Amino acid sequence: MSSFMKNDFHHVMIASMNDMKQSVNLLQHTLEKIPLGDTEKSEEESDLTSIHYEVSRMQNSIGQLHNLYLLEKNQLSFQLTDAYLLELIEEQVIAHDVLCRRVGVTINLVAKHDISSYLDVNLLSHVLDIAIVNAIRYSKDTVQIDLQKTQQGTSIIIDDNGRGYPEERLEHFSEIIKGQGFSGLTNQMLAWYYCYLVASMHKSREQQGWVRLSNESALGGSRFEIFLP
Amino acid sequence: MVDINTRIRSGPTKSSHSYAEYSALVADEFENSRQSIRQMLVALGFSLVDQTSTGKGVVEACYARKYDLVLCDFRLGHGKNGQQVLEELRQLKLLKSDAIFIVVSAETSRDVVFGIMESHPDDYLSKPFTQGVLSKRLERLFAQNNALVDMKEAQAKQDFSRLQGLCEHHIASQGRYSVWCKKALVDTFLATQSWSELTRLCEQELQERDIEWAMLGMAKMHLLQEEWDLAIQSLESILKSFPQSVESYDLLASCLQKKGRYHKAQQVLEEGIKLSPLVASRQQNMVNLSRENGDIQSAVKAGQQALKLTMNTINESPEEYFQVVDLLADAAVDLEGRDRKKMTDDALLALSKVSKKYSDLHEVRVKKALSESRLYSAQGHNKHAQASLSTAQALLKESPELKTPDIVIELGKTLFLAGQKGEAIQLWQSDNLLSDMSAEQEQAIFDFIDEPIPMGARARAKSLNSQGLNFYAKKDYDEAIRVFEAALEISPNQPGLNLNLAQTAIKKMATSPNKRAMLAKCQEAFARISHVKENHKQFSRLQALKNYVAKYHQDSV
């Protein structure tokens, strides 16, 4: 590699990632415009569904890689502002509405009241995006999102009615957040770790945010819970 | 209860808001992106959606039409970026008070995100987004606009009592935009100096957790009350909780400057620049601070950034080019070989750019010639320096109306550096200039005559001076004299330095067997600063020392 590239690799990364984002965005926009088929799924239709799902996943992976890279370089922006959680969740649900309809998944918001929280809007939206796309992928047909306010802070809980996480995946996650077990890291595990990092950047005095994965879903599948102080 | 499911499932492509009467402008460098956003807006019912690919295009379009919505990408080719476009539209008052300006960006790098945030758009939308998301966002923004319309009007008219009433009412009724109202109240209390109300509001907010805007409110109060230590303390504690609070770095740097802690101030501002470098005023503050500290390399870097950030915007001015040229000229003196050549070439390039860009302005032609002459003088190219100086003088002869105080100051400095010291002083004294000059302009001349040397040399003299003061404090007068004299070799006419030497020599006289030599040192020092007259800030100190020496002389005779 030329010395120019070595010294300026930062720009190489940023330019490439922006380009990847741009092209995946266009793909997604095109997919949104393709009309949904009838209830009976043709082969073409189910190909489209997997393309749509993969594009959504790709979008999140690129964003995640980009942000982890910036975090590593100590250049990730982190700005806390007051925001309504239902607004953020609503946006994410809407963003995946076409995908949901394609795969036949309904997302229910069971929260009774909106809660204002102090958080980094861009990072939290991205975490919700990752968790929701994953829940859509593994649920049978329903995803449920709830908010819980406690004295210490707020939790967002995303449940699905799929088969739940395999035990070894839950173990691997708990090792990773202890800073162990990075070998054999899958992209999925990396995504959960990224969510955990974003949560833990949110601090208030002695409190710190966290992410918990479990099979305690109210719908009998897996549960993703993020806590923000 | 929030019936959110029905709202979402009612279909993301349809919006509850009608945009039939609304016009929008989409700005994006890429045709594909532009088209897809345009299609979304058309589908949402906007009656008119214009598009453009450049910042210049946005400004032109906003001259022609008052849009209800502008969706502007941050990256817009080589001209202005989205942040600069917004700043310019505000300055030119080309946006309706209820227009919504959204910056769109695919970038999450911090400098870009911060730059965008600091220009305070109505919203920031990160790519990618779907039509459904855009629809929700717009619905929310227009609803917020509606709810806050009276507050925003009161804010624009600076009708603080009305704004306070409206905000307090909204907060009391637990309105959705209470946080917006609380922030508006903080600004109101700061503007009306209602310190007890401000303290009450912020302290209440801070009971449960640290909140940046509430902590900043308190810090700004201390700052306005000129309680620098308290302000410094509060800002430092904000930065502990919010290490990316860029406004706190700016404020902390200015407090430290007030306390005379220039080096620390520069370090703090450097942190702020690391976080958010794309703000021209911050870079200009850096130029001023590093100048104060004699840190010529930082001054050059910040000066070049400031120029780059205002280039192609309405805030671009020839002064920024000349600032960069002067800084580069000063920096080049300290370098050798290729580095020196590079700086000089950069300076010449900036001069050629400014004269091309402002070729119709006589004033710029004069300043360019003067700046060029100083650059050559600094390099020791006397012939070139003289040629440029003559060009400037000829231009001034042609158009005497250009002899403004600013230009005469520049001309004097240029003469001085070209070795025509007498002519310079005469010019400054003769031109009936002093009456037309502002206090700052007068001070600028004094500062220049005190120390007409490059910034790097000034910094070295300053550092020797503080070493000398240390020896003086330890009563090691011999060492102090040695170090002050070394400093004077670099900066012979600096009044403070000369007076420090004289004062030390006087102390030494008490014990020295060679009183004559010490007296001579004092007389020489006084002679070197014969330019210090009644209106100079060191005059009274000079008089006091002169009197002391005269009395001593008399007594010993």
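Here are some short exercises, each with a worked solution, on a predicted model with chains A and B.

**Exercise 1. Work out how chain A is built and why it counts as compact.**

Start with the inventory: chain A holds eight helices and nine strands. Next, take the radius of gyration, which is 18 Å for chain A. The globule rule gives 17 Å for 229 residues, and the two values are close, so chain A is as compact as a globular protein of that length. For the outline, look at the C-alpha trace of chain A, which spans about 55 × 45 × 35 Å along its principal axes.

**Exercise 2. Find what share of chain A is buried, and what its contacts and surface look like.**

Begin with burial: 54% of the 229 residues in chain A are buried. Then turn to contacts with a separation of 6 or more: in chain A, 73% of them join residues 24 or more positions apart. Now go to the outside, where the accessible surface of chain A comes to about 10800 Å². Carbon and sulfur atoms account for 50% of that surface. Last, count charges: chain A carries 19 positive and 30 negative side chains, with the centres of the two sets 4 Å apart.

**Exercise 3. Place Y138(A) in chain A and say which residues it touches.**

First, locate the residue: Y138(A) sits in helix α6, which covers residues 121-138. Second, check its exposure. Partly exposed means a relative accessible area between 20% and 50%, and Y138(A) has 41%, so it belongs in that class. Third, list its contacts beyond four places in sequence: D160(A), G162(A) and R163(A). Finally, pick G162(A) from that list. It is 24 residues from Y138(A) along the chain, yet their C-alpha atoms are separated by 5.4 Å.

**Exercise 4. Do the same overview for chain B.**

Secondary structure comes first: chain B has 29 helices and five strands. Its C-alpha atoms fill a box of roughly 105 × 55 × 45 Å along the principal axes. Of the 557 residues in chain B, 51% are buried. Among contacts with a separation of 6 or more, 59% are between residues 24 or more positions apart. Chain B exposes about 26900 Å², and 49% of this comes from carbon and sulfur atoms. As for charge, there are 70 positive and 72 negative charges in chain B, and their mean positions are 3 Å apart.

**Exercise 5. Using the UniProt record, find the response regulatory domain and the modified residue of chain B, then describe the residue's surroundings.**

Step one is the domain. An unreviewed UniProt entry lists "domain: Response regulatory" for residues 23-142 of chain B. That stretch is 46% helix and 21% strand, and its end C-alpha atoms are 13 Å apart.

Step two is the residue. The unreviewed entry in UniProt lists D73(B) under "modified residue: 4-aspartylphosphate". In the model, D73(B) lies in strand β3, residues 69-73.

Step three is burial. The cut-off for buried is under 20% relative accessible area; D73(B) has 6%, so it counts as buried.

Step four is company. Skipping neighbours within four places in sequence, D73(B) contacts A27(B), D28(B), G82(B), V104(B), S105(B) and K127(B).

**Exercise 6. Find the repeat that UniProt lists in chain B and give its make-up.**

The unreviewed entry in UniProt puts "repeat: TPR" at residues 461-494 of chain B. Now read off the structure there: the stretch is 79% helix and 0% strand. The C-alpha atoms at its ends are 9 Å apart.

**Exercise 7. Sort three loop residues of chain B by exposure: E226(B), N312(B) and L402(B).**

Take E226(B), in the loop between α11 (212-224) and α12 (228-241). Its relative accessibility is 56%, so it counts as exposed. E226(B) also has a positive phi of about 60 degrees although it is not a glycine.

Move to N312(B), in the loop between α16 (296-310) and α17 (318-333). At 37% it counts as partly exposed. N312(B), not a glycine either, has a positive phi of about 65 degrees.

End with L402(B), in the loop between α20 (382-398) and α21 (405-417). At 12% relative accessibility, L402(B) is buried. Beyond four places in sequence, its contacts are H362(B), E363(B), V366(B), L396(B) and I407(B).

Note on methods. Residues numbered from 1 in each chain as written. Chains lettered and ligands numbered in written order. Predicted model: local features only at pLDDT ≥ 70, side-chain atom pairs only at ≥ 80, totals over all residues. Heavy atoms only, no water. Helix = DSSP H or I, 4+ residues; strand = E, 2+ residues; numbered from the N terminus. Rg over C-alpha atoms; globule rule 2.2 N^0.38 Å. Buried < 20%, exposed > 50% of the residue type's maximum accessible area, 1.4 Å probe, protein only. Contact = heavy atoms within 4.5 Å. Areas by Shrake-Rupley, 256 points an atom, 1.4 Å probe, with all protein chains shown as cover. Lys, Arg positive; Asp, Glu negative; His and termini not counted. Charge placed at Lys NZ, Arg CZ, Asp CG, Glu CD. UniProt positions renumbered as here; feature names shortened; annotations may be inferred.
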